Amino acid sequence: MAPAAPFNPPTSNLPGKPFVPDWIPPPVTKETHNFAQLKSIDLSLLDSEDPAVVDGLVQNVKKAIRDDGFLFLENYGVSLEQLHHQFALAQYLYNNISEEDKQRLLFDPETGAWSGYKHPYGFKRHRGPPDGIEQFNWYKPDWEDTEGRVPKCLHPFMDEIESFCNYLTQSVNRRLLTLLSRVLELPDDYLWDNVQSHGSPTGEGYFRHALFRPVQKSTEEASKGLRMHGHTDFGLTTLLFSVPISCLQIWGRDEQWYYVPYKPGALVVNIGDTLEIVSGGHFKATRHRVYKPPVDQRNEERLSLVLFNSSIGDLRMGPAKESPLIQREGCVNEQGVYKEFKDRTTEGKIVPTNKQWREIQIATATDPTDTVHNRVGVHQVVINGKLMHQREYMGVKVCLPV
Ligand SMILES: [Fe+2]
């Protein structure tokens with residue numbers, strides 16, 4: 001394969017661009033237990049001229065997603081300095097966004113999209129208990145009308161933010177989907193051509209600047225330390241950048257939550273529901289949550305950048321029957337969303353489209369501070385002694401660890 005071009009963003013110090021203070025990564029925790037051991041994938045090996053090296057890479061990816069449903073990606077083409085500049089832009093947003101823009105661009109999740117500004121009072125448009133989480137999410141309409149739909153303080157930097165997202169989608173995610181297509185023994189562009197949505201820097205997906213501020217005691221008590229419920233992402237892949245403040249946790253094979261360790265510059269890749277279904281359960285959608293950090297980081301702010309890659313909205317997903325891996329080994333039926341979709345299809349019922357699947361979950365999301373719904377008998381059940389969060393969306397049951 002021709003070597004992938006590295007990220008080459010527009011310059012940040014053009015005349016007329018305001019000065020952006022550096023982002024200084026906060027200190028890493030000294031805590032070491034309850035941290036996951038995750039495999040790291042060197043994406044630059046995909047460019048190797050030695051087929052044995054590329055094959056080794058594909059085998060490593062296969063093992064990592066089967067074992068963990070989660071992986072670190074390194075050497076994907078964005079330098080640490082370039083990445084830290086993108087964090088500096090997110091920091092600049094939260095230091096400079098006006099109250100007027102917060103009102104004007106306030107999100108409306110009941111539409112099925114997070115598009116716009118999320119206030120730090122829960123995941124509904126009306127204000128609930130404080131959760132300390134602010135976000136700005138760019139969807140297709142936001143890229144198309146940055147003047148009208150993006151906070152004014154970021155207007156001078158949209159060239160840099162847009163080129164970053166284009167690189168992540170068109171280069172990093174495309175190469176990642178090549179690797180995943182190869183694991184399924186399908187042509188390199190199978191997932192890119194047939195499943196990934198296109199158009200705008202993020203297709204039907206979205207890009208997020210998020211800021212988690214420390215929470216007050218009443219919030220921590222109501223949520224039992226949770227910042228975001230255990231869940232799986234509904235799309236293809238989610239690209240998160242590893243950050244020093246340890247809040248992201250993944251559900252291990254031994255049915256325990258583990259913090260994801262900090263690896264400077266690395267990308268943390270989640271497998272979404274779409275990939276679990278397309279792969280016939282060979283890939284597991286990553287079960288993850290956001291939880292309070294270790295004690296020595298409780299008073300730190302956590303800045304996070306995330307790109308959510310979404311599948312084509314009109315598709316109703318099923319396993320890629322042309323996959324030689326699926327033909328040879330069959331599907332893996334013990335899994336969550338793949339199994340639910342399969343059971344529904346077997347009963348002759350229709351499964352949601354990708355667009356319906358993501359929109360219903362956004363529109364009906366609840367907060368960890370919601371003590372009315374987060375109770376056994378409402379949104380929680382106990383299965384084999386484990387407390388689970390159980391929801392049903394369009395007839396499809398989703399049961400995830402709390
Ligand atoms: Fe997520």
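Here is a short chat about a predicted model, covering an annotated domain, a helix pair and two loop residues.

Visitor: What does the UniProt annotation say about residues 206–311?
Guide: The unreviewed UniProt entry annotates that stretch as "domain: Fe2OG dioxygenase".

Visitor: And how much of that span is helix, and how much strand?
Guide: Helix makes up 12% of residues 206–311 and strand 39%. The C-alpha atoms at the two ends of the span are 11 Å apart.

Visitor: OK, switching to helices. At what angle do α1 and α6 cross?
Guide: Roughly 85°, with the axes of α1 (residues 51–67) and α6 (residues 158–183) coming within 9 Å. So α1 is roughly perpendicular to α6.

Visitor: Which residues make the contact?
Guide: From α1, Val58, Val61 and Lys62; from α6, Leu179, Arg182 and Val183.

Visitor: How many of those are nonpolar, polar or charged?
Guide: Four are nonpolar and two are charged, with no polar residues in the α1 contact with α6.

Visitor: New topic: what's the phi of Asn75?
Guide: Near 50°, which is a positive value in a residue other than glycine. Asn75 sits in the loop between β2 (70–74) and α2 (80–96).

Visitor: Why does Asn75 count as partly exposed?
Guide: Because Asn75 has 17 C-beta neighbours inside 10 Å; buried would take 20 or more, and exposed 12 or fewer.

Visitor: Where is Met394, then?
Guide: Met394 is in the loop between β14 (386–393) and β15 (396–401). Phi of Met394 is near 50°, a positive value in a non-glycine residue.

Visitor: How many C-beta neighbours does Met394 have inside 10 Å?
Guide: It has 14, so Met394 counts as partly exposed.

Note on methods:
Residues numbered from 1 in each chain as written. Predicted model: local features only at pLDDT ≥ 70, side-chain atom pairs only at ≥ 80, totals over all residues. UniProt positions renumbered as here; feature names shortened; annotations may be inferred. Helix = DSSP H or I, 4+ residues; strand = E, 2+ residues; numbered from the N terminus. Axes fitted to C-alpha atoms, helices over the stretch in contact; angles between N-to-C directions. Parallel < 35°, antiparallel > 145°, perpendicular 65-115°, else oblique. Contact = placed C-beta atoms within 7 Å. Nonpolar A, V, L, I, M, F, W, Y, C, P; charged D, E, K, R; others polar.
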